[in-house]
Amino acid sequence: MKLGLVAQNPIEWVMKRLNVVPAPLLETQMAYTLSRLVMVATKLGVFNLLATSPMSGARIAEVCHTSRIGTEKLLFALAGAGYLNASDGAYALTPVSRKWLVTASSHSLADKMLLQFLEWDWMLRAEDYVRTGDPLDLHNSLTADADWDLYQRGMRAIAPSSSGEMVRRLKVPRGARAMLDIGGSHGYYSVVLCRKHKGLRSVILDLPEAVTQAAPILAAERMGDRVVHRAGDALTADLGENAYDLVLVSMLVHHFSDEQNSELVGRVARALRPGGVLAVQDIFRPHTPKQAGQFGALLEFYFALTSQSGTWSIEDMTRWQQQANLQPRKPIRYRTLPGVGIQAAVKPH
Ligand SMILES: C[S@@+](CC[C@H](N)C(=O)[O-])C[C@H]1O[C@@H](n2cnc3c(N)ncnc32)[C@H](O)[C@@H]1O
């Protein structure tokens with residue numbers, strides 16, 4: 001899949017083929033306008049409001065405390081873009097907005113839309129990054145509690161996109177009892193794995209600022225003391241010895257350098273019991289733009305800009321694992337999230 005101009009009739013198709021459509025104009029202006037409007041409508045509560053029933057623009061403006069004219073323009077744009085249906089003077093949700101943008105939906109990406117207000121500001125640094133090569137120090141740039149809250153909620157919102165495949169495809173040692181979820185934030189991956197493996201309990205290690213904001217998100221899962229937080233720094237924390245059957249490191253290695261990851265995997269190897277599994281879930285660095293495709297290549301830039309090191313290849317991950325005397329398994333490449341997957345390894349008996 002990719003983003004781009006989609007011809008809606010044969011004449012448009014021919015014009016596109018002949019390269020007479022100003023593609024860069026349309027692709028960029030439409031992309032940023034649509035992005036911002038979906039984010040704004042989410043923030044103002046438009047999608048949640050319409051989950052109750054269709055409504056007129058005037059009524060939506062009244063309930064959302066927004067201007068009538070501005071709201072009408074927003075609704076009109078979203079209806080043209082397929083995020084709302086407009087008929088008989090009322091606006092209603094479409095299947096896409098109902099499933100993905102209403103907070104009460106189990107698939108809701110609403111919190112990710114709110115995080116994107118921060119990400120928008122991060123993207124403003126793109127030119128600077130290209131000129132200087134200096135990426136954003138994301139975790140040190142988050143100063144306000146509200147920003148940490150947006151970050152943790154945003155991560156939680158996208159976790160279900162991969163948790164289903166993780167639970168189905170990650171081989172957890174039989175009878176596993178103890179799990180460590182490093183940089184685990186909201187803890188959703190621990191929650192779904194502990195729900196599937198009845199005897200399993202998990203400790204989520206994350207920075208203190210993250211734990212403060214993620215605690216209520218985890219509490220909402222009602223896992224009690226089976227899944228708990230521990231505040232600490234993954235780069236220095238004592239992870240113990242022969243203590244865990246499963247260690248998950250999800251979406252963290254792209255924040256660390258090669259040396260930091262190699263050292264972390266060494267400590268994880270000591271912390272695993274014989275037969276225990278380390279699962280590194282992350283974006284796999286693609287070798288060529290063609291292999292990456294549009295999404296993978298754009299994400300490659302995003303992660304280079306917003307993390308201190310950028311993504312790592314499967315070969316890098318297996319090298320850290322082999323250096324720590326772990327036995328790498330075949331990588332799991334997600335079908336629902338191209339470019340993302342799990343590189344797991346086992347501690348030999
Ligand atoms: C991109 S989020 C991933 C969250 C979660 N593992 C997931 O996959 O959805 C990275 C997480 O790692 C945490 N983190 C970053 N640096 C860390 C460190 N040095 N020690 C512990 N956690 C860290 C952040 O606070 C954040 O919660």
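This section describes the nonpolar cores, a buried acidic residue and two residues with unusual backbone angles in a predicted model.

The largest nonpolar core of the model contains 40 residues. Within this core, the residues with the most contacts are Met 166, Leu 170, Leu 193 and Ile 342. Helix α12 (residues 188-196) supplies the largest share of the core, namely six residues. A second, separate core comprises 29 residues, among them Leu 252, Leu 272, Val 280 and Trp 312. When neighbours within four places in sequence are set aside, Leu 170 is in contact with Glu 165, Leu 246, Ala 279, Arg 329, Ile 332, Ile 342 and Ala 344.

Asp 181 belongs to strand β3 (residues 178-182). Although this aspartate is buried, Asp 181 has no salt bridge. The nearest side chain of opposite charge is that of Arg 156, at a distance of 11 Å. Apart from residues up to four places away in sequence, Asp 181 touches Gly 187, Ser 190, Ser 202, Val 203, Ile 204, Leu 205 and Leu 248.

Two residues that are not glycine were found to have a positive phi: Arg 222, at about 55°, and Met 251, at about 55°. Arg 222 is located in the loop that connects α13 (208-219) and β5 (227-231), whereas Met 251 is located in the loop between β6 (244-250) and α14 (258-271). Arg 222 has a relative accessible area of 75% and is therefore classed as exposed, the cut-off being over 50%. Met 251, with a relative accessible area of 26%, is partly exposed.

Definitions and conventions: Residues numbered from 1 in each chain as written. Predicted model: local features only at pLDDT ≥ 70, side-chain atom pairs only at ≥ 80, totals over all residues. Heavy atoms only, no water. Helix = DSSP H or I, 4+ residues; strand = E, 2+ residues; numbered from the N terminus. Buried < 20%, exposed > 50% of the residue type's maximum accessible area, 1.4 Å probe, protein only. Lys, Arg positive; Asp, Glu negative; His and termini not counted. Salt bridge = Lys/Arg side-chain N within 4 Å of Asp/Glu carboxyl O. Contact = heavy atoms within 4.5 Å. Core = buried A, V, L, I, M, F, W, Y, C linked by side-chain atoms within 4.5 Å.
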